[in-house]
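Colleague: I should like to learn how to read a structure of this kind. Could we go through it feature by feature?

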Amino acid sequence: MRIIALLKDIVDLDELRFDPSTRKPITEGVKHVISELDKRALETAIRLKEKHGGEVLALSLGGPETKTVMLEALAMGADAAYIVYDESLRGLDAHGTSRVLAAAIDKIGDYGLILCGEMSLDSLSAQVGPRVAELLGLPMISYARELELVDDKRLRAVRDLEDVDEVVEVELPAVVSVVREINEPRIPTLMSIMRAKRKPTTIWDASAIGVDPDALKAERAVEILNVEAPMVERKKKIIEGETVEEKVERLVEALIDEGVLGV
Amino acid sequence: MSVLIYSEEPNLRLELLGKGRELADTMDSKLAALQIGDGNPEELIKYGADLVYVAEHPLLGEWSLEPYRSVLLKAVEEASPSVILIGATKRGKELAASLAASLGVGLLTECLSLKLEDGKLIAERLTYGGSAIARVASLKKPHIATVPQRVFKRPEPAERRGEVLKLEVEPEKPKAEVVERREKVREEVGLEEAEVIVAAGRGFKKKEDLKLLEELAEVLGAKIGGTRPIAADYGWMKEWIGISGHKVRPKLYIAVGISGTVHHAAGIRDCGIIVAINRDENANIFNLADYGIVGDLYEVLPALTKALRERLKK
């Protein structure tokens, strides 16, 4: 079976900084990575392949950095990478992004399962899975914490909801989004990283997948007006002292004054 | 033109009525609520609805995406809303995204504020994993937004008049079959509920050294937490605090050997008092803290534990 993992290329949030005066994020020069939950979707796909055979394709709508980012997916075990990269498709909203991904999935064709994270860790919007499912007319299984194939036509998943764990079965093909708890993604070995460089990566522009960037722009429904870090209102007092004991003593005094020690 | 609200969560439903009423009033339009299955439509009217659409059908007994979406689509057809508010539960988020795709429109998820401006719906929502706030605009009608619990106040109920309408609909059949539903077991007090948390970062050289933190935690009656690297990369803990982990809000948070990345900052923003202990005086954690001690944690921690033990015994 062919499994397609949808991977989002995002800036490494561990390395993201904010300009102290404007509070705007500084994304320039920050390393790009696969969004963590999407990586777990890929890990799920690879484990299914290891158990049942088939192939795993990694698909991303990205930018100039995405080719490097997808190397990790290939090193983890994806058989091939597909990247949609076209400057005229940059900065689309979730509606546009899902339209592009659905078109690329159609172009790849012959899939049994499409996997993604329940949301990307940068925009946290949790829309792409259900939207892609709707556009392709497929069943959507969100928040999978466990997933197994009953046979090559049927999938069983445990959906992690607030109040219940819901065990569901569905006919394939289907779209499944996964939660963090589903697995721990493997760390590629040096050997697999070497091998990844020889695996095929296909880069498509808008016309290759038959989408019209102008039409997508005309359909644009959401605009980001402004992004900034919230004001941090902290005292930022560095406790001075000659010795460690002195500093610690002053800290304890301060905490008692704050009323947080219960004395 | 109207505002339409839906949530399967009873409290969130009332909170949506409050915000929905406000938005409807600014447009001088009606507020409609959708009720699927059991419930009291009169209560929704008391909390602000002008119209309640009630949908009942054997296929709507348990929640499932396709039947619920088809009912919501029908309600949208009837009410032709310019704004649709949906409760941001897990089910609600899935439903909203699927509905937005069906209608071919935008969606603002997990909104923390909402207002109408020049025909656009403007919202604030978290982005960059919770470390930043984005102001976003929905440009096209119907505007759809999801709202988490406890963001908007529940309105005061009042004696009001409204209309209850039966929604005639043949729901779509669910595509997935529910085999079993297992009730979740509530775990013991987790990091989210802890009053005091002491947390470790990469300043700790090896796992055994966490003993120093455990001693401090014992004196304070604190829960122990950590950053993503020491949990996910080093495997010293199962869970971590930060963008991709727990968001905590204790009265007192002591960050030990933590540099203060954006990732971690997003998880501790709502803490009461934050104390930072770090060797590097330029570490960002000092910008996020109320009190800081610049020093080697291997010296500061034992001294702090000792001082607190003496003080708290009194």
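Modeller: Let us begin with secondary structure. This model is predicted, and chain A in it has seven helices and 15 strands. Along the principal axes, the C-alpha atoms of chain A fill a box of roughly 70 × 40 × 40 Å.

Colleague: What share of the residues in chain A is buried?

Modeller: Of the 263 residues in chain A, 48% are buried. As for contacts between residues at least 6 apart in the sequence of chain A, 68% of them join residues at least 24 apart.

Colleague: Which domains does the assignment give for chain A, and which for chain B?

Modeller: In chain A, domain 1 covers 2-218 and domain 2 covers 233-263. Their centres, taken over C-alpha atoms, are separated by 47 Å. Chain B is divided into domain 1, 2-166, and domain 2, 191-313. Here the C-alpha centres lie 40 Å apart, and four residues of domain 1 of chain B are in contact with seven residues of domain 2 of chain B.

Colleague: How should one think about a nonpolar core, and which residues have the most contacts inside the largest one?

Modeller: In soluble globular proteins, nonpolar side chains tend to be buried together. In this model, the largest nonpolar core has 196 residues, and those with the most contacts inside it are Ala5(A), Leu59(A), Ala255(B) and Val256(B). Leaving aside residues up to four places away in sequence, Ala5(A) touches a set of residues including Ala41(A), Leu42(A), Val56(A), Leu59(A) and Leu115(A).

Colleague: How is the packing of two helices described?

Modeller: Two packed helices are described by the angle between their axes and the distance between the axes. Within chain A, take helix 3 (residues 94-108) and helix 4: they pack at an angle of about 55°, with their axes 9 Å apart. That angle is why helix 3 of chain A is called oblique to helix 4 of chain A. The crossing of these two helices is right-handed. Among the residues of helix 3 that take part are Ala94(A), Leu101(A) and Ile105(A), while helix 4 contributes residues including Val128(A), Val132(A) and Leu136(A).

Colleague: At what angle do helix 4 of chain A and helix 4 of chain B cross?

Modeller: Helix 4 of chain A (residues 128-136) and helix 4 of chain B (residues 90-103) cross at roughly 40°, and their axes come within 8 Å. This pair is therefore oblique as well, and helix 4 of chain A passes helix 4 of chain B in a right-handed crossing. Pro130(A), Arg131(A), Glu134(A) and Leu135(A) are the chain A residues that meet helix 4 of chain B, where their partners include Glu94(B), Ala97(B) and Ala101(B).

Colleague: How many residues does each chain give to the contact?

Modeller: Chain B gives 70 residues and chain A gives 67 residues. On the side of chain B that touches chain A, the elements giving two or more residues include helix 4, strand 6 (120-127), helix 7 (262-268) and helix 8 (297-313) of chain B. Helix 4 of chain B supplies the largest share of that side, nine residues.

Colleague: To finish with a single residue, is Asp86(A) buried or partly exposed?

Modeller: Asp86(A) counts as partly exposed because it has 18 C-beta neighbours inside 10 Å, whereas 20 or more would make a residue buried. Asp86(A) is found in the loop between strand 7 (80-84) and helix 3 of chain A. Asp86(A) and Ser207(A) are 121 residues apart in sequence, yet their C-alpha atoms are 9.3 Å apart in space. Not counting residues up to four places away in sequence, Asp86(A) touches Asp205(A), Ala206(A) and Pro213(A).

Note on methods: Residues are numbered from 1 along each chain as its sequence is written. Chains are lettered from A and ligands numbered from 1 in the order in which they are written. This is a predicted model: local features need pLDDT of at least 70, side-chain atom pairs count only at pLDDT 80 or more; totals for chains, interfaces and linings use all residues. Domain bounds come from an automatic or database domain assignment. A nonpolar core is a set of buried Ala, Val, Leu, Ile, Met, Phe, Trp, Tyr and Cys residues joined through C-beta atoms within 7 Å. A residue is buried if 20 or more other C-beta atoms lie within 10 Å of its own, exposed if 12 or fewer, and partly exposed in between; C-beta atoms are placed from the backbone. Two residues are in contact if their C-beta atoms, placed from the backbone, lie within 7 Å. Axes are lines fitted to C-alpha atoms, for helices over the stretch in contact, and angles run from 0 to 180 degrees between N-to-C directions. Helices (H or I, at least four residues) and strands (E, at least two) are DSSP runs, numbered from the N terminus. Angles under 35 degrees count as roughly parallel, over 145 as roughly antiparallel, 65 to 115 as roughly perpendicular and the rest as oblique. A crossing is left-handed if the near helix is turned anticlockwise from the far one by less than a right angle, and right-handed if clockwise.
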